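Subject: Structure handover

Hello,

Here is the structure I said I would pass on. My notes on it follow below.

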Amino acid sequence: MPHVLLVEDEPAIADTLVYALQTECFAVTHRLTAADALTDARATAFDLAILDIGLPDMSGLDLCRKLREISPVPVLFLTARDGETDRILGLEIGGDDYVTKPFSPREIVARVRAILRRTNHAAPAPSATPPRLLHHDPAAMRFSCHGAVLDLTAHEYKLLLVLMEKPGRVFTRDQLLDHAWQDPGAVTDRTVDAHIKSIRAKLRAARAGAENLIETRRGLGYSLATES
Ligand code: CA
């Protein structure tokens, strides 16, 4: 999975981007300062760097120059100003693209994919969209369905999270056990079935028919329905 270095000192923006990129199967290292990012870049080969122009200890442009002394990593700039100078400078010093704040996380993910395609890195295929009825609040570690919070156990939450991260993908019972249980050896396939049954009951309680959001693939496993 492609590894992205994100250097952004505004936690709210960074958290949104980290979540969006991770959801789309990128590994993300987030740093608040240029100094920390340079330390990481010396130790790790990143596939792409997303640099805020306005960092506390160095401008993103200077950071780009220094990163380029270390490796030819592609760079996407985040800029708060809509001025041409930033844009031109950014591209002149070798930035691959720039996005002006405010932006949507979706836009950033699309730009990242495009840059990786251009620079011949393997970008993960776009994932299918999870059903709109189902909402995940990562901070609260909670799911809601049609606005009703689902009262899930820890294992049920983890199971649903695994399914939610790859809508449409079929997970075998073994894969679900591996992802959602710390000690998968202590439980059996039937444990997964029992938990799925319980999650479905809670979905149905939130909204009749919502239990069908989890699809059974006979002889294979389970998947989350995709938005069509
Ligand atoms: Ca900033």
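A word on terms before the hairpin comes up: helices and strands here are DSSP runs, numbered from the N terminus, and two strands count as paired if DSSP finds at least two bridges between them. The model is a predicted one.

Overall layout

The chain has 228 residues, of which 43% are buried. Its secondary structure comes to eight helices and ten strands. Taken along the principal axes, the C-alpha atoms fill a box of roughly 60 × 35 × 30 Å. Among contacts with a separation of 6 or more, 57% are between residues 24 or more positions apart. The chain is divided into domain 1, residues 3–118, and domain 2, residues 134–224. The centres of domain 1 and domain 2, over C-alpha atoms, are 34 Å apart.

The S1–H1–S2 unit and the calcium ion

Strand S1 (residues 3–7) runs parallel to strand S2 (residues 27–31), and five bridges join them. The connection from S1 to S2 passes through helix H1 (residues 11–23), giving a right-handed β-α-β crossover. Within this pair, valine 7 has arginine 31 of S2 as its bridge partner.

Which protein atoms are donors of the calcium ion? They are Asp9 (OD), Asp52 (OD) and Gly54 (O), at 2.1 to 2.4 Å from the ion. The sequence spacing of these donor residues is D-x42-D-x1-G. The two aspartates bring together distant parts of the chain, 43 residues apart: aspartate 9 is in the loop between S1 and H1, and aspartate 52 is in strand S3 (residues 48–52). Aspartate 9 has a relative accessibility of 27% and so counts as partly exposed. Aspartate 52 has a relative accessible area of 3% and is therefore buried.

The S6-S7-S8 sheet

Three strands, in the order S6-S7-S8, make up an open sheet with antiparallel pairing. Strand S6 (134–137) and strand S8 (148–149) each have a single partner strand and stand at the edges, so one side of each is left without a neighbour in the sheet. S6 and strand S7 (residues 142–145) run antiparallel and are joined by four bridges. In that pairing, histidine 135 is opposite serine 144 of S7.

Nonpolar cores

In soluble globular proteins, nonpolar side chains tend to be buried together. The largest nonpolar core here has 25 residues, and Leu134, Leu160, Leu203 and Ile214 touch the most other members. At least two of its residues come from each of S7, helix H6 (154–165), helix H7 (173–180), helix H8 (189–206) and strand S10 (221–224). H6 gives the most, with six residues. Another core, of 21 residues, lies apart from this one, and its members include Ala20, Leu21, Leu76 and Leu116.

Leaving out residues up to four places away in sequence, leucine 203 touches Leu134, Cys145, Leu150, Ala210, Glu211, Leu213 and Ile214.

The S9–S10 hairpin

Strand S9 (residues 214–217) and S10 run antiparallel, with four bridges between them. Three residues lie between the strands of this hairpin, and glycine 219 takes a positive phi near 80°. Glutamate 215 has serine 223 in S10 as its bridge partner.

In a regular strand the side chains alternate between the two faces of the sheet. Is S10 covered or uncovered on its two faces? Both faces are covered, since Gly221 and Ser223 on one side and Tyr222 and Leu224 on the other are all buried.Serine 223 lies in strand S10. Its relative accessible area is 1%, so serine 223 is buried. Beyond its neighbours within four places in sequence, serine 223 is in contact with Leu163, Gly168, Arg169, Val170, Leu213, Ile214, Glu215 and Arg217.

Lysine 166

Lysine 166 sits in the loop between H6 and H7. With a relative accessible area of 26%, lysine 166 is partly exposed. Lysine 166 touches Cys25 and Phe171, residues up to four places away in sequence not being counted. Its C-alpha is 8.3 Å from that of serine 223, while the two residues are 57 apart in sequence.

Regards

Notes:
Residues numbered from 1 in each chain as written. Predicted model: local features only at pLDDT ≥ 70, side-chain atom pairs only at ≥ 80, totals over all residues. Heavy atoms only, no water. Right-handed = clockwise from strand over helix to strand, strands pointing away. Core = buried A, V, L, I, M, F, W, Y, C linked by side-chain atoms within 4.5 Å. Buried < 20%, exposed > 50% of the residue type's maximum accessible area, 1.4 Å probe, protein only. Contact = heavy atoms within 4.5 Å. Domains from an automatic or database assignment. Donors = N, O, S within 2.8 Å, 3.2 Å for Na, K, Ca; no water.
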